[in-house]
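The following exercises are to be worked with the sequence and the coordinates at hand. Each task is followed by a solution in steps.

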Amino acid sequence: MDVDAIIKEKYGVELPDPPKPGGIYSPVCPAGNLLFLSGQTSTRNGDLQYRGIVGKDYTIEQGQDAARICAFNLLAALKGYLDGDLSRVKRVVQLIGFVRSAEGFMAQPQVVNGASQVFLDVFGENGLPARIALGTNELPGGAPVEVMIIVEVE
């Protein structure tokens, strides 16, 4: 499985370098054969690509794009932690997505589908996790989406 090739072919982008932590935390925290990945926003090279509220400033489709960027950042962090060997990923166990939502906006699951689809494309059925999609009033830096995952590795 060549994740980089899948991402390039399907989405036309390359995985970024692993994002640097924006606070006092570990981007990847192991516990047995599970890896807990800290939340990622839609940054590229340290620059937030979207800043605003889904359902007010952004459409569902734009929110999905922000969620995809979050997923690419999670894959980059995972790849860095696993010394480039993403074949060690057995499955994506859980995905938690936060969507900075306008009042009355109730399509958080559709927005978070942007990230879920990336993991499904990369890992097949093993990329289909249990999931939570939540609306919130604020996210770090004004990001519209933040996503975290838990993966099982061999």
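**Exercise 1: The central strand pair**

In β7, residue I149 is the bridge partner of L37. The model is a predicted one, in which local features require pLDDT of at least 70 and side-chain atom pairs count only at pLDDT 80 or more, while totals for chains, interfaces and linings use all residues. Residues are numbered from 1 along each chain as its sequence is written, and side-chain values use heavy atoms, with hydrogens and water left out.

Task. Determine in which sense β2 and β7 pair, and over how many bridges.

Solution. Step 1: strands (E, at least two residues) and helices (H or I, at least four) are DSSP runs numbered from the N terminus, and two strands pair if DSSP finds at least two bridges between them. Step 2: the bridge partner of L34 in β7 is E152. Step 3: β2 and β7 are joined by 5 bridges in the antiparallel sense.

**Exercise 2: The sheet and its helices**

Task. Establish the strand order of the open sheet, and state which strands stand at the edges.

Solution. Step 1: the order of the 5 strands is β1-β2-β7-β5-β6, with mixed pairing. Step 2: β1 (28-31) and β6 (130-136) each have a single partner strand, so one side of each lacks a neighbour in the sheet. Step 3: from one strand to the next the twist averages 15°; angles run from 0 to 180 degrees between N-to-C directions, and axes are lines fitted to C-alpha atoms, for helices over the stretch in contact. Step 4: α2 packs on the sheet and touches β1, β2, β5 and β7, its direction making about 40° with that of β7. Step 5: α3 lies across β5, β6 and β7 and runs at about 160° to β5.

**Exercise 3: The hairpin and the preceding loop**

Task. Describe the hairpin of β1 and β2, then place S26.

Solution. Step 1: β1 and β2 pair in the antiparallel sense over 4 bridges, and P30 stands opposite L35 in β2. Step 2: 2 residues lie between the strands of this hairpin, and G32 in the turn has a positive phi of about 65°. Step 3: S26 belongs to the loop between α1 and β1. Step 4: its relative accessibility is 38%, so S26 counts as partly exposed (buried is under 20% relative accessible area, exposed over 50%, partly exposed in between, with a 1.4 Å probe and protein chains only). Step 5: the side chain of S26 reaches the backbone oxygen of V28 at 2.7 Å. Step 6: C-alpha to C-alpha, S26 and S38 are 7.1 Å apart, with 12 residues separating them in sequence.

**Exercise 4: The core**

Task. Identify the residues with the most contacts inside the largest nonpolar core, and the element that supplies its largest share.

Solution. Step 1: a nonpolar core is a set of buried Ala, Val, Leu, Ile, Met, Phe, Trp, Tyr and Cys residues joined through side-chain atoms within 4.5 Å. Step 2: the largest has 41 residues, and L37, L75, F119 and V151 have the most contacts inside it. Step 3: elements supplying at least two residues each include α1 (3-11), β5 (89-100) and α3 (108-123). Step 4: α2 contributes the largest share, 10 residues. Step 5: beyond its neighbours within four places in sequence, V151 is in contact (heavy atoms within 4.5 Å) with residues including L37, L78 and V93.

Terms used:
A polar contact is a pair of N or O atoms within 3.5 Å; within protein, one must be able to donate a hydrogen and the other to accept it, and residues adjacent in sequence count only if both atoms are side-chain atoms.
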